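Hi,

Here is the structure I promised to pass on. Have a look at it first, and my notes follow below.

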Amino acid sequence: MDTPKQLKERGLRLTELRQNAGLTRDQLSAKAKIGSPTVRNSATIGNAERGGKLRVDTMLQVTQALADELGVPREVVLIQWIYGTKVSKRRS
């Protein structure tokens, strides 16, 4: 089980990943298909960035959306998010 400190650190890493991808919370929630097509749930992203927990399926959707935007494999994003290894957007 994760400690509150670990969740907070993970949340900060999610913020960094999102910013490296050049996305707002709204944009990330839309790309991750969180919520319905007419109402995206950026609050879910905000909660996770503040150290809140995500359901596994939601975490995988967010991971894939970030990976697509950054141009890296989703495993790379997941490792960054969970363990803190640096990932930045690939230059075209």
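Start with Val62: leaving out residues up to four places away in sequence, Val62 touches Leu14, Leu28, Ala32, Ile34, Ile45 and Trp81. Keep in mind that this is a predicted model.

Val62 also turns up when you look at the largest nonpolar core, which has 18 residues. Val62 is among those with the most contacts inside that core, along with Leu28, Leu66 and Val77. Which elements give two or more residues to the core? They are α1 (4-20), α3 (42-49), α4 (56-70) and α5 (74-83). The largest share comes from α4, with six residues.

For the overall layout, the protein chain has five helices and zero strands, so to speak an α-α-α-α-α run from the N terminus on. The chain counts 92 residues, and 37% of them are buried. If you take the contacts with a separation of 6 or more, 52% are between residues 24 or more positions apart. On the outside, the chain exposes about 5800 Å², with carbon and sulfur atoms supplying 53% of that area.

Next, the pairing of α1 with α5. How do these two helices sit relative to each other? Their axes come within 7 Å and cross at roughly 140 degrees. Angles over 145 degrees would count as roughly antiparallel, so α1 and α5 are oblique to each other. From α1, the residues involved are Arg10, Arg13, Leu14, Glu16 and Leu17, and they meet Val77, Gln80, Trp81, Ile82 and Tyr83 in α5. By type, the residues of this contact divide into six nonpolar, one polar and three charged. Two names in it will be familiar from the Val62 list, since Leu14 and Trp81 are both touched by Val62.

One more residue to click on is Thr44, which lies in helix α3. Is Thr44 buried or exposed? Its relative accessibility is 18%, and buried means under 20%, so Thr44 counts as buried. Setting aside neighbours within four places in sequence, Thr44 is in contact with Ile34, Leu54 and Thr58. Ile34 is also one of the residues that Val62 touches. As for Ser29, 15 residues from Thr44 along the chain, the C-alpha atoms of the two are separated by 7.9 Å.

Over to you, and shout if anything is unclear.

Cheers

Key: Residues numbered from 1 in each chain as written. Predicted model: local features only at pLDDT ≥ 70, side-chain atom pairs only at ≥ 80, totals over all residues. Heavy atoms only, no water. Core = buried A, V, L, I, M, F, W, Y, C linked by side-chain atoms within 4.5 Å. Buried < 20%, exposed > 50% of the residue type's maximum accessible area, 1.4 Å probe, protein only. Helix = DSSP H or I, 4+ residues; strand = E, 2+ residues; numbered from the N terminus. Contact = heavy atoms within 4.5 Å. Axes fitted to C-alpha atoms, helices over the stretch in contact; angles between N-to-C directions. Parallel < 35°, antiparallel > 145°, perpendicular 65-115°, else oblique. Nonpolar A, V, L, I, M, F, W, Y, C, P; charged D, E, K, R; others polar. Areas by Shrake-Rupley, 256 points an atom, 1.4 Å probe, with all protein chains shown as cover.
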